[in-house]
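Please examine the structure shown here with the following questions in mind. They concern rings, charges and exposure to the surroundings.

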Amino acid sequence: QVQLQESGGGLVQAGGSLRLSCTASGRLTSAYCMGWFRQAPGKEREFVAAINVNGARTEYEDSVRGRFIISRDDAKHTVYLQMNSLKPEDAANYYCALHWRYSYDLRAPPRNSNEYDEWGQGTRVTVSS
């Protein structure tokens, strides 16, 4: 069993920055991609960013590309989402997710939430205008 724990959410003014963290623990028996998704009240969950098994390939949703940066520290089993130039429309609950993959599979990470196997509980980001 794997647990994902997000942290780093909070209240920030528009234009500000936050860094989210997600630490994986438990039976990490294989390599994995990590993704961030978000869900605002009354809206569907949407893809934000993802990183492949070795960190060499990343994917971003168009509205966050150039403002958000995803990275991973495998020694700490942690993935980060650095969010800069935050806008009110970025406010949402942010979830990290894990997609199991063979270590030799260096393809880009998936963007579809259905391909992710494990999920965290979420951390809330609020952006004031």
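Q: Over the face of which ring does R45 lie, at 4.2 Å from the ring centre?
A: The model discussed here is a predicted one. The charged end of R45 sits over the ring of W119, 4.5 Å from its centre. At the distance of 4.2 Å, the ring whose face lies beneath R45 is that of Y95.

Q: Is the pair of rings F37 and W119 stacked, edge-to-face or tilted?
A: A search of the whole structure gives six aromatic pairs. In the pair of F37 and W119, the ring centres are 5.0 Å apart and the planes meet at 50°. Planes under 30 degrees apart would count as stacked and those over 60 as edge-to-face. The angle of 50° fits neither class, so the pair is tilted.

Q: How many residues apart along the chain are F37 and W119?
A: F37 belongs to strand β4, residues 32–39. W119 belongs to strand β10, residues 118–119. The pair therefore links distant parts of the chain, and the separation is 82 residues.

Q: Is F37 buried, partly exposed or exposed?
A: A residue counts as buried under 20% relative accessible area and as exposed over 50%. W119, at 27%, is partly exposed. F37 has a relative accessibility of 1%, so F37 is buried.

Q: Which residues form one aromatic cluster with F37?
A: W119, the tilted partner of F37, is one member of the cluster. The cluster also takes in two further residues besides F37 and W119, namely F47 and Y116.

Q: Which parts of the chain does the salt bridge between R67 and D90 tie together?
A: Side chains of opposite charge can pair when their charged atoms come close. In the bridge between R67 and D90, the closest N and O atoms are 2.7 Å apart. These parts are 23 residues apart in sequence: the loop between β6 (58–60) and β7 (68–73), which holds R67, and the loop between β8 (78–83) and β9 (92–100), which holds D90.

Q: Which residues are linked with R67 and D90 in a network of salt bridges?
A: R67 is buried at 10% relative accessibility, and D90 is buried at 1%. The network joins these two to R38 and E46.

Q: Is D62 buried, partly exposed or exposed?
A: D62 forms a salt bridge with R65, with the closest N and O atoms 2.7 Å apart. R65 has a relative accessible area of 45% and is partly exposed. For D62 the value is 59%, so D62 counts as exposed.

How values were computed: Residues numbered from 1 in each chain as written. Predicted model: local features only at pLDDT ≥ 70, side-chain atom pairs only at ≥ 80, totals over all residues. Heavy atoms only, no water. Phe/Tyr/Trp six-rings, centres within 6.5 Å; stacked < 30°, edge-to-face > 60°. Helix = DSSP H or I, 4+ residues; strand = E, 2+ residues; numbered from the N terminus. Buried < 20%, exposed > 50% of the residue type's maximum accessible area, 1.4 Å probe, protein only. Lys NZ or Arg CZ within 6 Å of the ring centre and 35° of its normal. Salt bridge = Lys/Arg side-chain N within 4 Å of Asp/Glu carboxyl O.
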